[in-house]
Amino acid sequence: MTAPVRSRRSLTVLIAVLAPALVWLVTDPLLGHRLRITDPEAGETLDIGLLPVVVLALLVSLLGWGLLAALERFTGRARLLWTVAAFAVLLLSFLPLTGSGMSGGTRTSLALMHLAVAAALMAGLPRPEGRPTERSPAPHG
């Protein structure tokens, strides 16, 4: 992997970590809506703080980068395969948001966090298509 690709991907991971952190900062301290999930059967409440948001976004970002790097090493269709996998993971990440035990504000904030991470990773990790390639000179006729 070349240094420019590594730098771009590192910046992408940073953005993918900062984006949900920004959503949390606006939602929780600024607007005063505590991100909270309650398990009514167990009577337990989970407050979602900034540290878990950042750690989970970092973990998902690094796993996504690792999967893309592995695919690039073993297949010529890495971008397509990785994008399909990324969309599948995004869709699966919404499943817990369909359950009970959270307010609409919490559900919306968490969905925005998931979308923010996915958007950053999908836009920044894969190499752009249409990169200039070396071409042979055209034959003279």
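On the other side of helix H3 from its buried residues, Val84, Leu91 and Leu92 are exposed. The buried residues of H3 are Ala78, Trp82, Ala86 and Leu90. They cover an arc of only 95° around the axis, which puts them on the same side of H3. The model is a predicted one. The points below cover helix H3, the helices around it, and a few single residues.

**Helix H3**

- Helix H3 runs from residue 78 to residue 93 and has 16 residues.
- From its first C-alpha to its last, H3 reaches 22 Å, close to the 22 Å expected at 1.5 Å a residue.
- The buried residues of H3 pack against two helices, H2 (50–74) and H4 (104–124).

**Helix H3 with helix H2**

- The axes of H2 and H3 come within 9 Å and cross at roughly 150°.
- That angle makes H2 roughly antiparallel to H3, because angles over 145 degrees count as roughly antiparallel.
- The crossing in which H2 passes H3 is right-handed.
- On the H2 side, the residues that meet H3 are Gly64, Leu67, Leu68, Leu71 and Glu72.
- On the H3 side, Ala78, Leu81, Trp82 and Ala85 meet these H2 residues.
- Two of these H3 residues, Ala78 and Trp82, are among the buried residues of the helix.

**Helix H3 with helix H4**

- H3 and H4 pack at an angle of about 175°, and their axes are 10 Å apart.
- That makes H3 roughly antiparallel to H4.
- H3 makes this contact through Trp82, Ala86, Phe87, Leu90 and Ser93, while H4 contributes His114, Leu115, Ala118, Leu121 and Met122.
- Trp82 of H3 is in the contact with H4, and Trp82 also meets residues of H2.

**Helix H4**

- H4 has 21 residues and reaches 30 Å from its first C-alpha to its last, close to the 30 Å expected at 1.5 Å a residue.
- Its buried residues are Thr106, Ser109, Leu110, Ala111, Met113, Ala116, Val117, Ala118, Ala120, Leu121 and Gly124.
- The buried residues of H4 pack against H1, strand E1 (36–39), H2 and H3.
- Among the buried residues of H4 are Ala118 and Leu121, and both take part in the contact with H3.

**Helix H1**

- H1 has 28 residues, which should span 40 Å at 1.5 Å a residue; the end C-alpha atoms of H1 are 38 Å apart, which agrees.
- Val5, Arg9, Thr12, Val13, Ala16, Val17, Pro20, Ala21, Val23, Trp24, Thr27 and Asp28 are buried in H1.
- H2 and H4 are included in what covers the buried residues of H1.
- Just after H1, Gly32 takes a positive phi of about 80°.

**Helix H1 with helix H2**

- The axes of H1 (residues 3–30) and H2 come within 9 Å and cross at roughly 150°.
- That makes H1 roughly antiparallel to H2.
- The crossing of H1 and H2 is right-handed.
- From H1, the residues that meet H2 are Arg6, Arg9, Ser10, Val13, Ala16, Val17, Pro20, Ala21, Trp24 and Leu25.
- Their partners in H2 are Leu50, Val53, Val54, Ala57, Leu58, Ser61, Leu62, Trp65, Leu68 and Glu72.
- Leu68 and Glu72 of H2 are in the contact with H1, and Leu68 and Glu72 also meet residues of H3.

**Single residues, from buried to exposed**

- Ser61 lies in H2 and is buried, with a relative accessible area of 0%.
- Leaving aside its neighbours within four places in sequence, Ser61 is in contact with Val13, Ala16, Val117, Leu121 and Leu125.
- Of these contacts, Val13 and Ala16 are buried residues of H1, whereas Val117 and Leu121 are buried residues of H4.
- Ala69 is also found in H2, and its relative accessible area of 27% makes it partly exposed.
- The C-alpha atoms of Ala69 and Pro126 are separated by 9.3 Å, and the two residues are 57 residues apart along the chain.
- Pro4 is found in H1 and counts as exposed at 60% relative accessibility.
- Pro4 and Ala116 are 112 residues apart in sequence, and their C-alpha atoms are 23 Å apart in space.

Methods: Residues numbered from 1 in each chain as written. Predicted model: local features only at pLDDT ≥ 70, side-chain atom pairs only at ≥ 80, totals over all residues. Heavy atoms only, no water. Helix = DSSP H or I, 4+ residues; strand = E, 2+ residues; numbered from the N terminus. Expected span 1.5 Å × (residues − 1). Buried < 20%, exposed > 50% of the residue type's maximum accessible area, 1.4 Å probe, protein only. Arc of directions from axis to C-beta. Contact = heavy atoms within 4.5 Å. Axes fitted to C-alpha atoms, helices over the stretch in contact; angles between N-to-C directions. Parallel < 35°, antiparallel > 145°, perpendicular 65-115°, else oblique. Left-handed = near helix turned anticlockwise from the far one by under 90°.
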